[in-house]
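These are my notebook entries on one structure. I went through it place by place and wrote down what I looked up.

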Amino acid sequence: MAANSSKPFKICTLGSHTALQVLKGAKDEGFTSLAICEEGRVRPYESFNVADEIITVKSFSELPDLDARLVAENAILIPHGSILNAIDLKTIANLKTKYFGNKHILPWEVDRTKQRQWLAKAGLTLPKIYKSGQDIDGPTIIKFFGAGGGKGYFLAHNPEEFERKIKDHPSKRYVIQEYIVGAPIYIHYFYSPLTKELEVMGFDKRYESNVDSIGRIAAKDQMDLMIESSYNITGNMPLVVRESLLPEIFEMGERVVEASKKVDPHGLFGPFCLETVITPELEFFVFEISARIVAGTNPYTNGSPYTDLRYNEPMSSGRRVAREIKLAIESGQLDKVLVNGVA
Ligand code: AMP
């Protein structure tokens with residue numbers, strides 16, 4: 001894909017999380033794909049033949065050291081969950097490498113309090129938050145800050161249980177959230193700042209250890225073994241939703257995009273995900289937003305049942321990002337998709 005000026009653009013991402021579909025999608029849209037991989041973790045990107053070029057680093061935390069090189073390569077960086085784990089927001093903000101997305105939205109994703117304000121502004125139904133462990137009067141889930149993939153989360157039903165369990169996590173920041181009993185559904189969206197249209201890309205459910213296997217042993221054995229629930233993510237499973245839920249799903253996504261414009265004028269765009277639980281009364285509770293591509297889109301390298309309806313060609317979320325960049329380049333609007341990047 002040729003740049004307006006001289007050097008062709010490359011699409012680059014960290015070799016982890018959703019990199020396989022991002023890199024493949026970039027190639028499908030005619031870009032050169034560049035993977036930044038940690039030593040000893042290169043194999044999938046070679047074996048699956050998705051990376052035209054690979055840069056190897058000891059740790060993703062070295063990304064700032066590659067900044068000048070990536071600028072010279074005319075690379076466009078596609079962020080995903082691993083970048084948030086590897087470097088802090090200030091460092092991301094200071095990168096000069098072109099960056100797909102709106103960096104101003106990141107603090108609103110990372111800080112759970114701000115995130116809640118945003119989702120509340122969008123008029124979504126959220127689980128109750130308990131200010132203190134002493135207030136717990138029903139099932140709660142205790143979640144730690146940062147994109148840790150659910151590791152270490154625990155449940156507590158009363159103040160005593162909370163006090164006993166929180167002792168294992170000294171000096172960690174956490175939030176105490178009402179535990180919603182229902183079906184967890186992760187909704188994958190894409191919002192185009194070029195067409196101003198919201199697309200539903202697909203859905204997934206997660207495969208978490210050990211909660212997704214506890215049901216395989218009898219309740220008595222669970223009690224005897226004193227098993228504590230944990231939510232460490234191990235994979236994702238594809239899902240379609242009851243079709244009558246779709247109108248509400250579109251409206252929820254649109255309201256989130258609208259509310260994001262109050263947070264920053266450029267708002268949220270590109271791929272994002274609402275993490276929900278649907279109750280038996282079919283009410284959506286939104287417990288989190290990911291303001292970027294999520295790993296739950298990985299089952300759809302070749303497109304989801306929904307993108308198949310719309311595109312009639314394989315369209316992963318990764319490819320959709322590359323398509324948006326391509327359309328932006330072709331229409332001279334690259335600045336609209338690289339907010340706080342150098343277009
Ligand atoms: P998160 O890190 O926020 O994506 O949460 C990890 C997992 O915890 C989710 O996949 C859900 O299975 C579960 N979970 C999180 N929040 C809630 C909640 N408020 N009610 C019920 N389950 C939840």
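Entry 1. In which helix is S260 found? I located S260 in helix 11, which covers residues 246-263. The model is a predicted one, and I read every entry here with that in mind.

I then asked whether S260 is buried or exposed. S260 is buried, because its relative accessible area is 0%. Setting aside the neighbours within four places in sequence, I listed I105, W118, G267 and L268 as the residues in contact with S260. I also looked up the separation from S132, which is 128 residues away along the chain. The C-alpha atoms of S260 and S132 are 29 Å apart.

Entry 2. I turned to the ligand. The shell around the ligand has 15 residues, and Y153, Y186, E208, E275 and E288 come nearest. By class, I noted eight nonpolar, one polar and six charged residues in this shell.

Which strands each supply at least two residues of the shell? I wrote down strand 8 (140-144), strand 10 (174-178), strand 12 (197-210) and strand 15 (284-290).

Next I looked up polar atoms facing the ligand. For K143, an N or O atom of the side chain is 2.9 Å from an oxygen atom of the ligand. For R206, the corresponding entry is 3.2 Å, again between a side-chain N or O atom and an oxygen atom of the ligand. For Q177, a polar side-chain atom is 3.0 Å from a nitrogen atom of the ligand. On its own the ligand has 470 Å² of accessible area, and the protein covers 96% of that.

Entry 3. I stayed with strand 12 for the backbone. The peptide bond from S209 to N210 is cis, and its omega is near 15°. N210 has its place in strand 12.

I also looked up positive phi values in residues other than glycine. N49 has phi near 60°, and N49 sits in the loop between helix 2 (43-47) and strand 3 (53-57). N49 counts as exposed because its relative accessible area is 58%. M226 has phi near 50° and belongs to the loop between helix 10 (219-224) and strand 13 (231-239). M226 has a relative accessibility of 68%, so I entered M226 as exposed.

Entry 4. How many disulfides does a search of the whole structure find? My note reads zero. A disulfide is a covalent bond between the sulfur atoms of two cysteines. I checked C12 for the reason: the closest cysteine sulfur belongs to C37 and is 11 Å from the sulfur of C12, which is too far for a bond. The cut-off I used is 2.5 Å between the sulfur atoms.

I looked up burial for two cysteines. C12 has a relative accessible area of 0%, so C12 is buried. C273 is also buried, because its relative accessibility is 0%.

Entry 5. The last residue I looked up was R323, which lies in helix 13 (residues 317-330). Is R323 buried or exposed? I entered R323 as buried, because its relative accessibility is 17% and the cut-off for buried is under 20%.

What joins the side chains of R323 and E313? I found a polar contact of 3.0 Å between these two side chains. Leaving out neighbours within four places in sequence, the contacts of R323 are E29, E313 and M315.

Terms used: Residues are numbered from 1 along each chain as its sequence is written. This is a predicted model: local features need pLDDT of at least 70, side-chain atom pairs count only at pLDDT 80 or more; totals for chains, interfaces and linings use all residues. Side-chain values use heavy atoms; hydrogens and water are left out. A residue is near a molecule or strand if one of its heavy atoms lies within 4 Å of it. A polar contact is a pair of N or O atoms within 3.5 Å; within protein, one must be able to donate a hydrogen and the other to accept it, and residues adjacent in sequence count only if both atoms are side-chain atoms. Accessible areas come from the Shrake-Rupley method with a 1.4 Å probe; for residues, only the protein chains shown count as cover. Helices (H or I, at least four residues) and strands (E, at least two) are DSSP runs, numbered from the N terminus. Ala, Val, Leu, Ile, Met, Phe, Trp, Tyr, Cys and Pro count as nonpolar, Asp, Glu, Lys and Arg as charged, and the others, Gly among them, as polar. Buried means under 20% relative accessible area, exposed over 50%, partly exposed in between (1.4 Å probe, protein chains only). Contact means heavy atoms within 4.5 Å.
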